[in-house]
Amino acid sequence: MDFYTLNKEEEIRVLRTISQPVKNIDGQLIEFADAMVEAMLGKGIGLAAPQVGRNERFFVVRLSEEEDPLYFFNPQIIGTSEKLSSYEEGCLSIPETWAKIKRPAVVQVQAFNRRGRPFTIEAEGLLATVIQHEYDHLQGKLFIDYLPERKREKLTSHFGHDLYPDLTREGK
Ligand SMILES: [Zn+2]
């Protein structure tokens, strides 16, 4: 399972596309999500479907190997705190790039789990940040979008591609 990155123009398009809801949480999809958990082992703590080439609304999170992975199918953020917290973020799709990003410190999320059952959680700390980071992926959004323009321009020249294509104009 390869990670889509900003190094390739056609992969940027996938990463920048708004993903579609999952229709069925069936065996095939669960197998794929399990493979995503495997793929990020030792490399990252969250992975969203567009990062492995599927524009569908789901992501997996595993803060450490001691913890069970969490599965979020068709997630919806239903509440965020006014209080913010900041973490140094990185992304498997944005090689060798890290930045401190401010996000709501607490987030409430509704989603379907690995068994296809609905659940709601309130997350705080690192988990809240990871959930928001992964949710952004489903919206075609990346953590570098929160950076000031000067830094974004630097990244664009570093990767050598337009990292901010406006796909909405093409009716996607
Ligand atoms: Zn990411």
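**Overall fold and the surroundings of Met36**

Of the 172 residues that make up the chain, 30% count as buried in this structure, which is a predicted model. The secondary structure comprises 4 helices and 7 strands, and these elements follow one another from the N terminus in the order α-α-β-β-β-β-β-β-β-α-α, with two helices leading into the run of strands and two helices following it. The radius of gyration of the chain is 15 Å, close to the 16 Å that the globule rule gives for 172 residues, and the chain is therefore as compact as a globular protein of that length. Measured out along its principal axes, the C-alpha trace spans about 45 × 35 × 35 Å. Among the contacts in the chain with a separation of 6 or more, 64% are accounted for by residues 24 or more positions apart.

At the level of a single residue, Met36 was examined within this arrangement. Met36 is part of helix α2, which covers residues 27–40. This residue counts as buried because 24 C-beta neighbours lie inside 10 Å of Met36, where 20 or more are required for that class. When residues up to four places away in sequence are left out, Met36 touches Met1, Leu47, Val52 and Val60. Ile144, by comparison, stands 108 residues from Met36 along the chain, and the C-alpha atoms of Met36 and Ile144 are separated by 23 Å.

Conventions
Residues numbered from 1 in each chain as written. Predicted model: local features only at pLDDT ≥ 70, side-chain atom pairs only at ≥ 80, totals over all residues. Rg over C-alpha atoms; globule rule 2.2 N^0.38 Å. Buried ≥ 20, exposed ≤ 12 C-beta atoms within 10 Å, placed from the backbone. Contact = placed C-beta atoms within 7 Å.
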